[in-house]
Amino acid sequence: MMKNVDVDVVVVGAGFSGLYLLYRLREAGFSTRVFERGGDVGGTWYWNRYPGARCDVESLQYSYSFDEQLQQDWHWPEKFSAQPDILAYANHVADRFNLKKDIEFNIEVKASRFDENLKAWKITTNTGEEIDAQYFIMATGCISTTQIPNIKGLSDYVGNTFHTGDWPHEEVDFSGQSIAVIGTGSSGIQSIPVLAKQAKKLTVFQRTPNYSIPSQNEPMTKKYERSWKDVYSERRKEMRYSAHGSLKDLNDVPALSVDEDQRQELYTKRWAIGGTGFLGSFNDLLTNADANYTAAEYVRQQIKRVVKDKETAEILCPRSYPIGTKRICIDTGYFETYNRENVKLVDISKKPIQRLVADGIIVDDQLYAFDSIIFATGFDAMTGSIFNVDIKGRGGLALKEKWNAGPKTYLGLMSASFPNLFMITGPGSPSVKSNMIMSIEQHVDLVIETLLSMRRKGLSVVEPELEAENKWVDHVQEVANKTLFPQANSWYMGANIPGKPRLFMPYIGGVGAYREICEEIVANNYRGFKFEKSKQAIAAE
Ligand code: NA7
């Protein structure tokens, strides 16, 4: 039968979401075009090439689970892999499944409009091409749109500038240079120890100190690798129904139910193991302020123990928000770096950067001169990359307009008035509060299952019901409001972008619980979704 569209599916992005989507769509027989603004696959791991970039989830867990042979064959050199190894993995997957031939690189999708007559999307790229597609899938990642703060005099500075999330592909040589890092989130905390070894002098401008736990990263041992690979599929099953999409050892007792000595002993044990598992020391660290204080205080004591200069240590101690409510950082020698002669910390919490001038940065009327300035200032997270495409749904409604008071989705997957538009790990799904690759696989599988079910039933349009969506939006906030998360000025809350609505964007109800909700909705005939028949199906009746 003649199709009324050019292609069944257009996918934006060839990171871990786009790659798996393409694999599954192709396998299911949907014609697909994938557009990627980068020059190759990898998404986040293609762009974030800054020195020290590393994943904070163990690689044996932060990897695809859909192909047993793939997970058995691939060898990770370290427990927590560095960016080049993760990018090599993305390339391996793309090559292994011959995916690159269907990906168009260096092309940006600029606009997408739902055509009511066609009942399909009209998509425009930066090359001026227009494509009609039945389904439009945003696989654009949650942390992909970099932000450089609007500091006065930015263009007056004549030295080199970099953003960690848009790092050059060639090696940058900082030797002999005096350099600045602005920002102490994960990217700052990972890059600072490495940059300090390269540069002659490194000055860190810190607005808010961060809680950071040593990763205790180590080379992968055969024994550890085997302990996973021997039971990989069982472990993956467990991960899919876990709280965060990864296997972490949660000590299921409240922090204040044990005495001070026992608490200290446990924190010390977890600190020595390293990684985000520190937050699993007790079951109420993210819901009970007093419990949280004990963990936060432990980290502050560690900072003071490591950092020799008392004043510097004090500035590095986070106090203005509960531990874990901004994304916890995992480091390799971060606090130790402040003991180096060539590293200086400037506290800009009370006296912000006034402006940039030709030679450098002015704070408190003092000039700090630099050869290079590195912005580790983060991203317009979760919605930024979606808004980069001018998406217009039914009646020409702009998604940006609909979401002007915050993202409104059903399950973080779709939005009412935007039929046949799917978002992989969109706002309102566990996304950044989970092991991303496991959440990506779940969303992709759900989309494919939906598309296959529609094809079987002769349906061609799917859209959430507004009532179901509103209930979900309320539920996402309700769950977040039971935690301490809303207390921090975090990018989870949109607080890092001036003017962005302030509300908790990911779904914090748990990866396993979320999966069960999705399964229950599908089993109940896609409760909360409405469908329309295709013209072909109507004609055949
Ligand atoms: P983050 O975590 O958003 O960190 C950005 C940092 O930049 C943070 O310390 C900010 O301070 C700082 N910042 C932002 N704007 C300014 C201005 N105007 N002046 C001074 N300092 C500023 O981004 P990352 O790239 O480190 O990490 C993002 C995620 O990627 C991470 O959570 C992992 O999931 C991977 P603030 O805290 O806002 O005061």
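Trainee: In this predicted model, are helices H6 and H7 roughly parallel or roughly perpendicular to each other?
Mentor: Helix H6, residues 222–229, packs with helix H7, residues 232–240, at an angle of about 70°, and their axes are 6 Å apart. Angles from 65 to 115 degrees count as roughly perpendicular. The two helices, H6 and H7, are therefore to be described as roughly perpendicular.

Trainee: Which residues of H7 make the contact with H6?
Mentor: On the side of H6, the contact involves Ser 227, Trp 228 and Lys 229. On the side of H7, the residues that take part are Tyr 232, Arg 235 and Met 239.

Trainee: How many aromatic pairs are there, and what is the angle between the planes of Trp 228 and Tyr 232?
Mentor: Counting rings whose centres lie within 6.5 Å, one arrives at 45 aromatic pairs. Trp 228 and Tyr 232 form one such pair, with 5.9 Å from centre to centre, and both of these residues are buried. Planes over 60 degrees apart count as edge-to-face, and this pair is edge-to-face with an angle of 65°.

Trainee: Is the pair of Phe 485 and Phe 504 stacked or tilted?
Mentor: Phe 485 and Phe 504 both lie in the loop between helix H15 (466–481) and helix H16 (511–523), 19 residues apart, and both are buried. Their ring centres are 5.1 Å apart and their planes meet at 45°, so the pair is tilted.

Trainee: Which ring has the charged end of Arg 455 over it?
Mentor: For Lys 326, the ring beneath is that of Tyr 321, with 5.5 Å to the ring centre. For Arg 455, the charged end sits 4.4 Å from the centre of the ring of Phe 30.

Trainee: Which helix gives the largest share of the largest nonpolar core?
Mentor: The largest nonpolar core has 78 residues, and Phe 16, Tyr 62, Tyr 64, Leu 411 and Phe 422 are those with the most contacts inside it. Its largest share, 10 residues, comes from the helix spanning residues 436–457, namely H14.

Trainee: How many residues does the other core have, the one that lies apart?
Mentor: This core includes Ile 179, Ala 199, Leu 285 and Ile 303. Its residues number 48.

Trainee: Beyond its neighbours within four places in sequence, with which residues is Leu 411 in contact?
Mentor: Leu 411 is among the residues with the most contacts inside the largest core. Once those sequence neighbours are set aside, its partners are Gly 428, Ser 429, His 443, Trp 472, Tyr 514, Ile 517, Cys 518, Ile 521 and Phe 529.

Conventions
Residues are numbered from 1 along each chain as its sequence is written. This is a predicted model: local features need pLDDT of at least 70, side-chain atom pairs count only at pLDDT 80 or more; totals for chains, interfaces and linings use all residues. Side-chain values use heavy atoms; hydrogens and water are left out. Rings of Phe, Tyr and Trp (its six-membered ring) pair if their centres lie within 6.5 Å; planes under 30 degrees apart count as stacked, over 60 as edge-to-face and the rest as tilted. Buried means under 20% relative accessible area, exposed over 50%, partly exposed in between (1.4 Å probe, protein chains only). Helices (H or I, at least four residues) and strands (E, at least two) are DSSP runs, numbered from the N terminus. A charge sits over a ring if NZ of Lys or CZ of Arg is within 6 Å of the ring centre and within 35 degrees of the ring normal. A nonpolar core is a set of buried Ala, Val, Leu, Ile, Met, Phe, Trp, Tyr and Cys residues joined through side-chain atoms within 4.5 Å. Contact means heavy atoms within 4.5 Å. Axes are lines fitted to C-alpha atoms, for helices over the stretch in contact, and angles run from 0 to 180 degrees between N-to-C directions. Angles under 35 degrees count as roughly parallel, over 145 as roughly antiparallel, 65 to 115 as roughly perpendicular and the rest as oblique.
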